[in-house]
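Work through the following exercises with the model open beside you, and try each task before reading its solution.

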Amino acid sequence: MNKTKRLLLYVLSLSLAISMSACKTQKHKAEVFIYNAQDTFIAKMADTLQDSFPKNYSLKFHDGKLSQNAQNEQIVNALKNGCKLLIVNMVDRLSSASIIEKAKSENASVIFFNREPIKKHLLNAKNAYYVGTSPVQEGQKQAMIAQNLLGDADAISPLIDKNGDNTLQCVFLQGEKDHQDTEHRTYSCINYLTAIGYRVEILAMDFASWNRDEGKALMERYYTQFGDAIEFVFSNNDDMALGAIDYLRENGIMTNENIPFPIVGVDGTKYGLQAVKDGYLYGTIVNDDAAQADAVVRLSRYLSGEIKFSEIGLTFTSERYIYIDGPVVTKDNIAKYI
């Protein structure tokens, strides 16, 4: 073989090696869209996503700041710039059809998380999935926490039933209006309690938009109106529950020696778990950000062509939903979580 042919073979071999090396190190790009970076759980979820993706993925994050219009613009720009994988925590879940169609038109896929798309929108999609918790289960678990305190439905514990009428007088701190978790956490809790025989009187329920300050203001309104006639407080998340606790503690109503009524939340945030440990929050249900982030990563690897559908290794509901279950935390088992 002459020198020219040897040189040509060397160049071809070198080019192939460089090409193969580039393929091995090529980064997959995904863009993450969150509804509001000020939301405690969502901020934690964003951090966990960043930490969970393998190094061959490049993530770019966008904050919708409570504006669906802003988020729509962010998504359109991402698609124009060639993004083929959108990971979306919608501002307004009614926008799910539009987001799915925008992605479809650019041959891109969508993984929704935390804020569940309208069911018919997702079931009709070929390019979209959802990862989140089951708010129905979370509401039922709140009811189970209450059940442990209430005792027999025919003879509720006098520690809770302060007026002796064998009826649970309670209030609800609800999350965001029209959010699926607000509706399902609230009504599955009520339905479970009544289904197992408890008489429940809802003194009040109103929205505090997952926000601690709004939860505090709502608790002030409730307590001003009903005082210690309140026997139980159900909160759709920990932040609002902590707001209620802020009001009660700042006004000397709740102290280390006096807990006027049990309060339960959902999410198992760092501050929520600390409040359980300190005895102010009776219980919460963990919204498992690590498990949800892992599910998003597995779906992303499938949609990016790294693994087959059969290799995702997760349980699907209706082929489009992955629901992550979370444990109940009370003072009895708080040591496992904090």
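**Exercise 1. Decide whether K141 is buried or exposed, and then find what surrounds this residue.**

Solution. This is a predicted model, and the first step is to compare the computed accessibility of K141 with the cut-off for burial, which is under 20% relative accessible area. K141 has a relative accessibility of 15%, so K141 counts as buried. The second step is to place the residue in its element, and here K141 is found in helix 6. The third step is to list the contacts of K141, leaving out residues up to four places away in sequence, which gives I285, D325, G326 and V328. The last step is to look for empty space: K141 is among the residues that line the second largest cavity, together with others including T133, I285 and D325. That cavity has a volume of about 40 Å³, and helix 6 (residues 135–150) gives the most to its lining, with three residues. By class, the lining of the second largest cavity divides into three nonpolar, four polar and three charged residues.

**Exercise 2. Decide whether S310 is buried or exposed, and state how far apart S310 and Y247 are in space.**

Solution. Begin with the position of S310, which lies in the loop between helix 11 (289–303) and strand 11 (321–323). The cut-off for an exposed residue is over 50%, and S310 counts as exposed because its relative accessibility is 65%. For the distance, S310 and Y247 are 63 residues apart in sequence, and their C-alpha atoms are 50 Å apart in space.

**Exercise 3. Find which residues touch the most other members of the largest nonpolar core.**

Solution. As background, nonpolar side chains tend to be buried together in soluble globular proteins. The largest nonpolar core in this model has 59 residues, of which M219, L248 and I263 touch the most other members. Helix 9 (residues 238–250) provides the largest share of this core, with seven residues. Taking L248 as an example, and leaving aside its neighbours within four places in sequence, its contacts are M219, Y223, I253, M254, F261 and I263.

**Exercise 4. Describe the largest cavity and the largest pocket by volume and by lining.**

Solution. Rolling a probe the size of a water molecule over the atoms shows where empty space is left. A search of the whole structure finds three cavities of 30 Å³ or more. The largest cavity has a volume of about 110 Å³, and of the 13 residues that line this cavity, the closest to its centre are D39, F41, N114, W210 and D267. Helix 2 (40–52) and helix 7 (180–195) are the elements that give two or more residues to this lining, which by class has four nonpolar, four polar and five charged residues.

Turning to the largest pocket, its volume is about 290 Å³. The pocket is lined by 17 residues, and the closest to its centre are L149, I259, F261, P262 and Y282. The lining of the largest pocket has 12 nonpolar, two polar and three charged residues.

**Exercise 5. Find where pLDDT stays under 50, and say how this stretch should be read.**

Solution. Start from the whole chain, which averages a pLDDT of 93, with 92% of the residues scoring at least 70. Then look at residues 3–25, where pLDDT stays under 50 and the model has two contacts beyond four places in sequence. Where pLDDT is low, the predicted coordinates should not be read in detail.

Definitions and conventions:
Residues are numbered from 1 along each chain as its sequence is written. This is a predicted model: local features need pLDDT of at least 70, side-chain atom pairs count only at pLDDT 80 or more; totals for chains, interfaces and linings use all residues. Side-chain values use heavy atoms; hydrogens and water are left out. On a 1 Å grid over the protein atoms alone, a cavity is a set of points where a 1.4 Å probe fits but cannot get out, and a pocket is an open set with protein on both sides within 12 Å along at least five of seven lines; lining residues have an atom within 4 Å of a point. Grid points are joined across faces, edges and corners, and a volume is the space filled by probe spheres set on the points. Ala, Val, Leu, Ile, Met, Phe, Trp, Tyr, Cys and Pro count as nonpolar, Asp, Glu, Lys and Arg as charged, and the others, Gly among them, as polar. pLDDT is the predictor's confidence in each residue, from 0 to 100. Contact means heavy atoms within 4.5 Å. A nonpolar core is a set of buried Ala, Val, Leu, Ile, Met, Phe, Trp, Tyr and Cys residues joined through side-chain atoms within 4.5 Å. Buried means under 20% relative accessible area, exposed over 50%, partly exposed in between (1.4 Å probe, protein chains only). Helices (H or I, at least four residues) and strands (E, at least two) are DSSP runs, numbered from the N terminus.
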